[in-house]
Amino acid sequence: MKHVTGEPRIGDVFGELLRDALAVATGIGPRPLAGGRLPRPVIEIIERDDGLVNGAPAAHYLDEPQDWQPHDHRAVDRVRGATLDVGVGGGRIALLLQERGVPVTGLDTSAGALQVCRRRGVRDLVHATVDEHATSGRRYDTFLLLGNNLGLIEGRERAPTFLAALAALARPGAQVIAHGTDPYGTRDPVHTGYHEHNRRRGRLGGQLRLRLRYRELGTPWFDYLVCSPEELAELVHGSPWQLVDVDSHDAPYYLATLQLTA
């Protein structure tokens, strides 16, 4: 008998929603249904620790290049050499790089996401964190943190370890190309109040505490950083990396390029 607690069961939220999004997109495999035969849209629920809840369609993780944002195209055009796609997700970036003949490895902590990538044709995949992969002996020229995955830096406490792990995987002259969002242009009191609450706790204003939800599943709570380019420069200072370029043509979104200095 199932014990009902009102709390989600901890599981591979991202993998489950990607699997279902792929089934809805292709018509292949079991799909979540709404009231009978109609496929239910696959929605990723993002819950913040102040109670804010947002939902986003998961289909965009599978977008073809013609549906990408302009900054995604500018990011992949900067790629050179062996590339690690950190947080490969549904594999959309890795698939394009493969088509271009770029040696690309997709890294993700979601086993389900990697299964979706394999089904879509991504050839080289690693199930690990950046820290775990840093012990593999593999080396890369470019690291991609797209889809707002600059957030994986998490905050002041995590940044040095994360950046050091990337450096351990880097060849001389390597680069990081990361997509971030400057959170401070909003006047929405739900967000500005959260920024102030964070600062009072000694955190960066845009340091989010989140969990993801899908159907009956949830993730543990985790930190995810949304920061300004100025805050990023502060976090990178003293690391083996230097912030050498900020492309803010699609503000508040930006592409940050880090260059290995050590």
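In this predicted model, Cys227 has a relative accessibility of 1%, and because buried means under 20% relative accessible area, Cys227 counts as buried. Cys117 can be read in the same manner: its relative accessible area is 0%, so Cys117 is buried too. With cysteines in view, it is natural to ask how many disulfides the whole structure holds. A search finds zero.

Helix α1 offers a friendly piece of arithmetic. This helix covers residues 13-26, which makes 14 residues. At 1.5 Å a residue, α1 should span 20 Å, and its end C-alpha atoms are indeed 20 Å apart, so expectation and model agree. After the helix comes Gly27, a residue with a positive phi, near 75°.

Which residues of α1 are buried? They are Val13, Phe14, Gly15, Leu17, Leu18, Asp20, Ala21, Leu22 and Ala23. It is worth finding them in the structure and then looking for what lies over them. The cover includes one helix, α4 (111-120), together with the strands β4 (43-48), β7 (104-108), β11 (207-214) and β12 (217-218).

Strand β11, one of the elements covering the buried residues of α1, deserves a visit of its own. Is β11 enclosed or open? Six of its eight residues are buried, so β11 is largely enclosed by the rest of the structure.

The pairing of β11 with other strands can be followed partner by partner. With β4, the strand pairs in the antiparallel sense over four bridges; here Glu47 has Arg211 of β11 as its bridge partner. With β13 (residues 222-225), β11 also runs antiparallel, and four bridges join the two. Within this pairing, Arg209 finds its bridge partner in β13, namely Asp223.

The pairing of β11 with β12 is antiparallel as well, over two bridges. Across this pairing, Arg213 stands opposite Gly218 of β12. Together β11 and β12 form a hairpin, with two residues between the strands. One residue in the turn, Arg215, has a positive phi of about 50°.

Finally, a database record can be laid over the model. In an unreviewed entry, UniProt lists residues 84-173 as "domain: Methyltransferase". In the model, this span is 36% helix and 23% strand, and its end C-alpha atoms lie 15 Å apart.

How values were computed:
Residues are numbered from 1 along each chain as its sequence is written. This is a predicted model: local features need pLDDT of at least 70, side-chain atom pairs count only at pLDDT 80 or more; totals for chains, interfaces and linings use all residues. Side-chain values use heavy atoms; hydrogens and water are left out. The expected span of a helix is 1.5 Å times one less than its number of residues. Buried means under 20% relative accessible area, exposed over 50%, partly exposed in between (1.4 Å probe, protein chains only). Contact means heavy atoms within 4.5 Å. Two strands pair if DSSP finds at least two bridges between them. UniProt positions are given in the numbering used here, feature names are shortened, and annotations may be inferred rather than shown by experiment. A disulfide is a pair of cysteine sulfur atoms within 2.5 Å.
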